[in-house]
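Reader: Please take me through one part of this predicted model in detail, and then work outwards from there to whatever else can be said with care. I would like the reasoning behind each label as well as the values.

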Amino acid sequence: MTQTLPELSVVVVAFVGEQYLRRLLDALTQQVTDRTEVIVVCDSLIGDIGHFRSRYPTVEFVRFDERRPPASLRAAGVARARGAIVALVEDHCVPAPDWMAEVIAAHEGDAAAVGGAMEKGFPSDSNSDTALNWALYLADYSRYALPMAEGRSGAASDCNVSYKRDALLEITPAWSGEFHENIVHAELEKRDKTLWFSPRIVVHEQRSMTWSQTLRDRYSFGRLFGSTRVSNASPARRLAMSAAALLLPPLLVARVTGNVVRRRRYLGALARASVPLVIVASAWAVGELVGYATGKADATLSQPVVPKAPESM
């Protein structure tokens, strides 16, 4: 008997913590149908997954005994996905109740990739969260915050993006080892594939982190980003990009400020988070500089940051 393949595969990259993963799966499994599959990929950071299998019987869990960077987990999940559409999300996020349906609807068009909105887990300009957590959100996701118009896009977050599986299979060498969205999107662009943005595909992001966790996280991921941009660059090119990275902190803060002002949202949160935002941007810039200079990612990405338990949304 021929097995019917799912229309949508959702790959959940779990590298933050068990309580975050439960929060996401409680929301996601409410949307599962016979047209969808959910694959959670994790490493030894997530302990015994037997209780997860019992609580979420419709979910497939793939656990590696050794620590792996998030990009490696993501690649393993994408390789395992069987759906015509492959959607990505991370465990510190909570998809909206209609998220799966909107992803499927968005791929009725010819776009190879569709990104969605990244909203804060707490209400707009709420004082429910710390200034540091607001700085993290604004630094990473303000460019994807609503309102945004639907249309072609130059970027999408790997916490809320989906692909036609056939398009990914055309560029398998670009992601088979580690799946980095900037590299994947560049490869799709080379093939004249469309990256689209849909404001109807919404994910809510919420992390609670300490200062030491934040600085390590920003440095490590900044270095990772820098290293992926110079993988084939000459030493002279890497040196020039390292020098340019010295100008990044004010540029990154200006970008975030522009995102917030244009949307006329999160203005109060931006004011509260202004000092942490400068520090967060500086830690990222140092990491990006080192990534350009060395061409290598930080080994600490194999030991992911473990934030505090999530607060209710």
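Author: Tyr266 is a buried residue, because its relative accessible area is 2% and the cut-off for buried is under 20%. The model is a predicted one, and the values that follow should be read with that in mind. Tyr266 sits in the loop between H10 and H11, and its backbone is worth a look, since phi there is near 60°, a positive value in a residue other than glycine. The loop between H10 and helix H11, which spans 267-272, also holds Arg264, another residue that is not a glycine and yet has a positive phi, of about 55°. What is the status of Arg264, buried or exposed? Arg264 counts as exposed, because its relative accessibility is 74%, whereas Tyr266 is buried at 2%.

The neighbourhood of this loop can be followed through Pro147, which touches Arg263 and Arg265 once residues up to four places away in sequence are set aside. Pro147 belongs to the loop that runs between H5 and strand E7 (151-152), and it is exposed, because its relative accessible area is 53% and the threshold for that label is over 50%. The peptide bond leading from Leu146 to Pro147 is cis, with omega near 0°. Pro147 also has a spatial relation to Pro199: the two are 52 residues apart in sequence, but their C-alpha atoms are 7.4 Å apart. A contrasting case is the pair Lys190 and Arg262, which are 72 residues apart along the chain and whose C-alpha atoms are separated by 30 Å. Lys190 lies in helix H7, residues 181-190, and it counts as exposed because its relative accessibility is 60%; its side chain makes a polar contact of 3.1 Å with the side chain of Glu187.

Next come the helices that border these loops. H10, residues 248-263, has an axis that comes within 8 Å of the axis of H12, and the two cross at roughly 130°. That angle makes H10 and H12 oblique to each other, because it lies neither over 145 degrees, where roughly antiparallel begins, nor in the range of 65 to 115 degrees that counts as roughly perpendicular. The crossing of H10 past H12 is right-handed. On the H10 side the contact is made by Leu248, Pro249, Leu252, Val253 and Val256, and on the H12 side by Leu277, Val278, Ala281, Ser282, Trp284, Ala285 and Glu288.

H12, residues 274-294, also meets helix H9, residues 235-244: their axes come within 8 Å and cross at roughly 170°. H9 is therefore roughly antiparallel to H12, and the residues in contact are Arg238, Met241 and Ser242 of H9 with Leu289, Tyr292, Ala293 and Thr294 of H12.

H5, residues 131-141, packs against H8, residues 211-229, at an angle of about 15° with the axes 11 Å apart, so the two helices are roughly parallel to each other. The contact involves Leu132, Leu136 and Asp140 of H5 together with Trp211, Thr214 and Arg218 of H8, and the crossing is left-handed.

Turning to the strands, E8 (residues 161-164) pairs with E4 (residues 85-90) in the antiparallel sense over four bridges, and with E6 (residues 113-120), again in the antiparallel sense, over three bridges. Tyr163 in E8 connects the two pairings, for Val86 stands opposite Tyr163, and Ala113 stands opposite Tyr163 as well.

Val86 leads on to Ser9, since the residues that Ser9 touches, apart from those up to four places away in sequence, are Glu37, Ala81, Arg82, Gly83, Ile85, Val86 and Ala87. Ser9 lies in strand E1, residues 8-14, and counts as buried because its relative accessibility is 0%. Its partner Glu37 is found in strand E2, residues 36-42, and Glu37 is buried too, because its relative accessible area is 10%. The side chains of Ser9 and Glu37 are joined by a polar contact of 2.5 Å. Beyond its neighbours within four places in sequence, Glu37 has contacts that include Pro6, Leu8, Val10 and Arg80.

How values were computed
Residues numbered from 1 in each chain as written. Predicted model: local features only at pLDDT ≥ 70, side-chain atom pairs only at ≥ 80, totals over all residues. Heavy atoms only, no water. Pairing = 2+ DSSP bridges. Buried < 20%, exposed > 50% of the residue type's maximum accessible area, 1.4 Å probe, protein only. Polar contact = N/O pair within 3.5 Å; in protein donor to acceptor, adjacent residues only side chain to side chain. Contact = heavy atoms within 4.5 Å. Axes fitted to C-alpha atoms, helices over the stretch in contact; angles between N-to-C directions. Parallel < 35°, antiparallel > 145°, perpendicular 65-115°, else oblique. Left-handed = near helix turned anticlockwise from the far one by under 90°.
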